[in-house]
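Visitor: Please bring up the model. I have some short questions about it.

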Amino acid sequence: MTVFFSSENIASGKPTWQQFPFSVSFWGAELAVDGDYTDLTAGGGQCVISAGGKTTAEWRVDLEAILSIHHIVIHYRTDGKNWGKNR
């Protein structure tokens, strides 16, 4: 058994799927694993957005291997607002 210790984005470039995509052409599920999170606005091209009017939002990534994962980091869309501040 081989063990790797890394903080790399193991999901980058892997196949993704989204239950209710808003627009596959601009807000596709692949944006969730590309590692970009410098512009977390809807127009920044770095966020996955689900279709409106749905009660669930599901997203998946196929890591193409069986892996033991210590933690997952999710960056939510902020639209340029600081987290923890009154909106």
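**Salt bridges, a loop residue and the overall fold**

Visitor: What relative accessibility does D79 have?
Guide: D79 counts as partly exposed. Buried means under 20% relative accessible area and exposed means over 50%, with partly exposed in between (1.4 Å probe, protein chains only). The value for D79 is 37%.

Visitor: What should I know about the model itself?
Guide: This is a predicted model: local features need pLDDT of at least 70, side-chain atom pairs count only at pLDDT 80 or more, and totals for chains, interfaces and linings use all residues. Residues are numbered from 1 along each chain as its sequence is written, and side-chain values use heavy atoms, with hydrogens and water left out.

Visitor: Which residue meets D79 in a salt bridge?
Guide: A salt bridge puts a side-chain nitrogen of Lys or Arg within 4 Å of a carboxyl oxygen of Asp or Glu. Here the N to O distance is 3.0 Å. The partner is partly exposed too, at 39% relative accessibility. It is R77.

Visitor: How many salt bridges does the whole structure hold?
Guide: Besides the R77 and D79 pair, the side chains of R60 and E58 meet at 2.5 Å, N to O. R60 is partly exposed at 47%, and E58 is partly exposed at 31%. The search of the whole structure finds two.

Visitor: In what order do the elements of the chain run?
Guide: Helices (H or I, at least four residues) and strands (E, at least two) are DSSP runs, numbered from the N terminus. The chain has one helix and two strands. From the N terminus on, the order is β-α-β.

Visitor: Is Q46 buried or exposed?
Guide: Q46 sits in the loop between α1 (24–27) and β2 (59–61). Its relative accessibility is 14%. That value counts as buried.

Visitor: Which residue's backbone nitrogen does the Q46 side chain reach?
Guide: Leaving aside neighbours within four places in sequence, Q46 is in contact (heavy atoms within 4.5 Å) with residues including L31, D36 and Y37. The side chain of Q46 reaches one backbone nitrogen at 2.9 Å. That nitrogen belongs to T38.

Visitor: What share of the 87 residues is buried?
Guide: Q46 is one buried residue, at 14%. The accessible surface of the chain, by the Shrake-Rupley method with a 1.4 Å probe, comes to about 7,100 Å². Carbon and sulfur atoms hold 53% of that surface. The buried share of the residues is 16%.

Note on methods: Polar contact = N/O pair within 3.5 Å; in protein donor to acceptor, adjacent residues only side chain to side chain.
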